[in-house]
Amino acid sequence: MNQDSLFETKEDLRPLADRMRPETLDEYVGQKQLVQKGNLLWTMIENDQVTSMIFWGPPGVGKTTLARIIANQTKSFFVDFSAVTSGIKEIRDVMKQADQRKILGQKTILFVDEIHRFNKAQQDAFLPYVEKGSIILIGATTENPSFEINSALLSRCRVFVLNSLETDDLKDLIQRAITSSKGLGNLRIHIEEEDIEAIATFSSGDARFCLNTLEMVVYNSPSELDGIHVSKEILRQCLQKRSLLYDKNGEEHYNIISALHKSVRNSDVQASIYWLARMLEAGENPLYVARRLIRMASEDIGMADSRALEICVAAYQASHYLGMPECNVHLTHAVVYLALAPKSNALEVAYMSAKADAIKTLDEPVPLHIRNAPTTLMKNLGYGDGYEYSHDYEFRMTDMQCLPDRLINREYYKPTDQGSEVKVQRRLEQIKAIKAQVRRDRRMNKK
């Protein structure tokens, strides 16, 4: 007979995020592109036709939870495996047990968190067991599987991309946590809507971080006779941000990104750095900022300095690999480069001008001589007749017409006198001169 310990308690001391972990797809929050009724992953789970897969996404978006739900709903044996603490010996032990369960007719789902941390030999150890069906491997990674997982193993797994949770998803999680008996429902919590919004916004799509923050705020707020009243001062300290009102989807969000863009466009280095810091320190997703910088590189600089685009794409990749706060210096690098670069909006103007013509001439046929002719019928209809392969000609170009008849001689791209566009302008003038000479030579030959 077991005797109760004096120190035992019936209170669930697990972290709130663990207590609130969903157990079914109906409870699961976010990732509707995967688990909404009728979508692929939902269908696989419902039909118990789950195959090995990789969940790729940022921290706290439900990778482990989804793996556990799959195991529960498919009645499989679930093995939680950590790439940080396990080696090849542990892998072989687990595989031996999986083989035995397979003989007894039970599936084994092996969940490997941070699978990208396994080296090649460790990853290769999974291959024979995945191939013969001893295990269904579900790997979770925050890194791009194409770079971090062996191609042989990756080819045997379906990759599902999990996105950062939306602010509304996190607000829903908070509401569930403060009302659920599994969570904080017995504490009678009094919290204002704007405080829920602040925690959800600050969490940047990470459910685990969101619930951990909520737990910290609640347990450090004053308790009164009618329950716990969330303190704004405690909330401010827990979030460690001055601005709790920064709304990633509201007006201030767009005001600040506008300020950053216009400071870069005006070559104001100091202001550009300041507005970048305002966004990042208020909890903005660094990848959103990086995407905006990539747009600026072509919209406001373009061919005046083509390196700008390369720098910004590299900054995006660095931000993806490192995240905050480490990536702040990479984004600063990109912002300063853009602010210092010569400016040209010639590419933006060119596209908008071409767009206007394209919309008005959507029914304009492609000239026959620049159409492909893969079939005999198409050749008989004149497709490709008169096409001039530029590499067969002097200067690697001809004066062949490539625009529709209604748009002949239209010019969309007009380089400025800024940076490398000076060289681009010279090259365009050279091309015009060569084509003009080709036309003159054609006329002379006809005579």
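**Reading the evidence in a predicted model**

In this predicted model, the chain has a mean pLDDT of 86, and 93% of its residues reach 70 or more.

Q: Which elements mark the lowest and the highest mean pLDDT?
A: Among the elements of the chain, strand 2 has the lowest mean pLDDT, 81, and helix 17 (residues 328-340) has the highest, 96.

Q: How do you know that the predictor has little confidence in residues 1-9, and how many contacts beyond four places in sequence does the model have there?
A: The pLDDT scale runs from 0 to 100, and the value stays under 50 over residues 1-9. For this stretch the model has 0 contacts beyond four places in sequence. Residues 242-246 also have pLDDT under 50, but there the model has 10 such contacts.

Q: What makes strand 2 and strand 5 the edge strands of the sheet of 5 strands?
A: The open sheet has the order 2-3-4-1-5, with parallel pairing. Strand 2 (77-82) and strand 5 (158-161) each pair on one side only, and they are therefore its edge strands. Neighbouring strands of this sheet are turned by 20° against each other on average, direction ignored.

Q: Why do strand 1 and strand 5 count as paired?
A: Pairing requires at least two bridges. Strand 1 (residues 53-56) is joined to strand 5 by 4 bridges, so the criterion is met; the two run parallel. Within these strands, Phe55 stands opposite Phe160 of strand 5.

Q: How do you know that strand 6 and strand 8 are paired?
A: The requirement is at least two bridges. Strand 6 and strand 8 (residues 227-229) have 2 bridges in the parallel sense, so they qualify as a pair. His190 stands opposite His229 in strand 8. These strands belong to an open sheet of 3 strands in the order 6-8-7, with mixed pairing. Its edge strands are strand 6 (189-190) and strand 7 (223-224), each of which pairs on one side only.

Q: Why is the bond between Met324 and Pro325 worth noting?
A: Most peptide bonds are trans. The bond joining Met324 and Pro325 is cis, with omega about 5°. Pro325 is placed in the loop between helix 16 (307-322) and helix 17.

Q: What is notable about phi of Gln31?
A: Most residues other than glycine have a negative phi. Phi of Gln31 is near 55°, a positive value in a residue other than glycine. Gln31 lies in the loop between helix 1 (16-19) and helix 2 (32-35).

Q: What makes up the lining of the second largest pocket, by class?
A: The lining has 9 nonpolar, 3 polar and 8 charged residues. Of the 20 lining residues, Asn409, Arg410, Glu411, Lys432 and Lys435 lie nearest the centre of the pocket. Arg, Glu and Lys count as charged, so Arg410, Glu411, Lys432 and Lys435 fall in that class, whereas Asn409 counts as polar. The volume of this pocket is about 770 Å³.

Terms used. Residues are numbered from 1 along each chain as its sequence is written. This is a predicted model: local features need pLDDT of at least 70, side-chain atom pairs count only at pLDDT 80 or more; totals for chains, interfaces and linings use all residues. Side-chain values use heavy atoms; hydrogens and water are left out. Axes are lines fitted to C-alpha atoms, for helices over the stretch in contact, and angles run from 0 to 180 degrees between N-to-C directions. On a 1 Å grid over the protein atoms alone, a cavity is a set of points where a 1.4 Å probe fits but cannot get out, and a pocket is an open set with protein on both sides within 12 Å along at least five of seven lines; lining residues have an atom within 4 Å of a point. Grid points are joined across faces, edges and corners, and a volume is the space filled by probe spheres set on the points. Contact means heavy atoms within 4.5 Å.
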